[in-house]
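Hi everyone, thanks for coming. Let me put the structure up so we can look around it together.

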Amino acid sequence: MRIGGKSKLEERGERREERGERREERGVGLGVKEAPLYTLFPRIINQVSYSAAYSLFFFSFSFFQNKTKRQIPPSLAVTLFLSVEEEEASAMAAAAADQISKLKSEVAALSQISENEKNGFINLVSRYLSGTEATHVDWSKIQTPTEEVVVPYDSLAPTPEDPAETKNLLDKLVVLKLNGGLGTTMGCTGPKSVIEVRNGLTFLDLIVIQIETLNNKYGCNVPLLLMNSFNTHDDTFKIVERYTKSNVQIHTFNQSQYPRLVVEDNSPLPSKGQTGKDGWYPPGHGDVFPSLRNSGKLDMLLSQGKEYVFVSNSDNLGAVVDLKILNHLVQKKNEYCMEVTPKTLADVKGGTLISYEGRTQLLEIAQVPDQHVNEFKSIEKFKIFNTNNLWVNLRAIKRLVEADALKMEIIPNPKEVEGIKVMQLETAAGAAIRFFNHAIGINVPRSRFLPVKATSDLLLVQSDLYTVQDGSVTRNPARKNPANPSIELGPEFKKVANFLSRFKSIPSIIELDSLKVSGDVWFGADIVLKGKVAITAKPGVKLEIPDKAVLENKDINGPEDL
């Protein structure tokens, strides 16, 4: 019952009427009545894919704002777009071609990047603005992959017993780590791969030790490639010098450097005077394939008899060379393999593999129609997700790149630089799977997916839950629960330096199920955590957990609870 005033429903109705009046006013003089945005998007989605619709909004906004010399919202722009006659549509197509022509001349003047980078960028923008190449997945055609397409890891043949055969196998391999990310989200400067993970060893230290162990054990030559971005190149170049005496050949190359695109007029941001790093971006790890070729590293590796590259994120501690997988790919002549692993509730948004029109394809949540999102997130139907551990045949990469055949789905990523709205267009390496012959997934153990994205992950790998041997991080068999504990740390722990300062030593968590920490909490030495533990410091109060404390299934809100 309502006592006086207006109900929320009435207030909402009045606001809707006001918005309608504003739309009507904005359409005056343009010959249309502006429709609400939420009614327009479904009309477009019915005819084109999600990505194409996104492109349409982007282009319509720019086109009509320039045409009318008025500040107009996206909904009015798209209303105009949908109302134009065929003649006007042709004019718009011509205008789009003019925009690309203008963009080409502006990009040609950018001396900071190579011709390959200029051409790659123009091709990407042209595809994006056209919207014609975006894949529209027909939900009814999606099929669950068979075990021939997603192979169970346990079904793989054992590795050769003869060390000479193993050496021959490993001599076909090169390891490539995606090393373009910075450690800024964890409060660190420089490449993320140089953050100390355990016992003073960084991600990069562990990777080099892993490969060196293989080379020493089998007398093989597995080289390490690091794909850097312009953000990480200089620091990485200095860091790799420390490994000159290791038994690992290390090569570095840069992925492409593209200019950010100004939304208002589709011009490159550096051409407007923003020539510093903020004017540029690395276009996602899908760029690994053309960059491998453009850098000359692909031909170098082929001349050395290398056949496969194992690609993974530098922060995934589980992504170590696996002889069973390599042996399977060589024997079966698979050009591409994506490692997938069973979903948990924490992974429901991750991309999954499907069989689609006779090909193996990666399905990402952005490609899923709204009415099927819950189905996509279901652990029952889509049981696996992409780890981004990829094994790819080098000759196949060369063939496809030189034929310009790798047209992966474009990921639009809107940003803002000093008040200017910009767009960066990216691609993902996993989306390339559908272009390779005999592409498969392998359903691997969860142990091969151990990313460190936050300090909560650092707590796991620095604890007694894991051990390190020969550079490989392995789970302590004393842990009976197959799942790792759930760790949630407050913002006071976000930066690595702050995280480390708040622990005299990392607690024992072998028997921990979950930990939630918030507020100004400090941990002593030799603490043991078991079961479900929640620790909350009251605002303005410092809460210290004493040395040798054993907390089991406890909620701690102050010293009195210890």
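**A quick tour**

Let's start with a cysteine: C188 is buried, because its relative accessible area is 19% and the cut-off for buried is under 20%. C220 is buried too, with a relative accessible area of 7%. Keep in mind that what you see is a predicted model.

So how many disulfides does the structure hold? The count is 0. If the term is new to you, a disulfide is a covalent bond between the sulfur atoms of two cysteines.

Now zoom out a bit. The protein has 562 residues, and 51% of them count as buried. You'll find 16 helices and 26 strands in there. The accessible surface comes to about 27000 Å², and carbon and sulfur atoms make up 50% of that. Here's one about the fold: take the contacts with a separation of 6 or more, and 69% of them come from residues 24 or more positions apart.

Okay, let's pick one helix, α8. It runs over residues 203-218, so to speak a stretch of 16 residues. From the first C-alpha to the last, α8 reaches 23 Å, close to the 22 Å expected at 1.5 Å a residue.

Which residues in α8 are buried? Among them are F203, L204, D205, L206, I207 and V208. Further along α8, the buried ones include Q210, I211, L214, N215 and Y218.

And what comes just after α8? That's G219, which takes a positive phi of about 70°.

That's my tour, thanks for listening!

Conventions
Residues are numbered from 1 along each chain as its sequence is written. This is a predicted model: local features need pLDDT of at least 70, side-chain atom pairs count only at pLDDT 80 or more; totals for chains, interfaces and linings use all residues. Side-chain values use heavy atoms; hydrogens and water are left out. Helices (H or I, at least four residues) and strands (E, at least two) are DSSP runs, numbered from the N terminus. Buried means under 20% relative accessible area, exposed over 50%, partly exposed in between (1.4 Å probe, protein chains only). Contact means heavy atoms within 4.5 Å. Accessible areas come from the Shrake-Rupley method with a 1.4 Å probe; for residues, only the protein chains shown count as cover. A disulfide is a pair of cysteine sulfur atoms within 2.5 Å. The expected span of a helix is 1.5 Å times one less than its number of residues.
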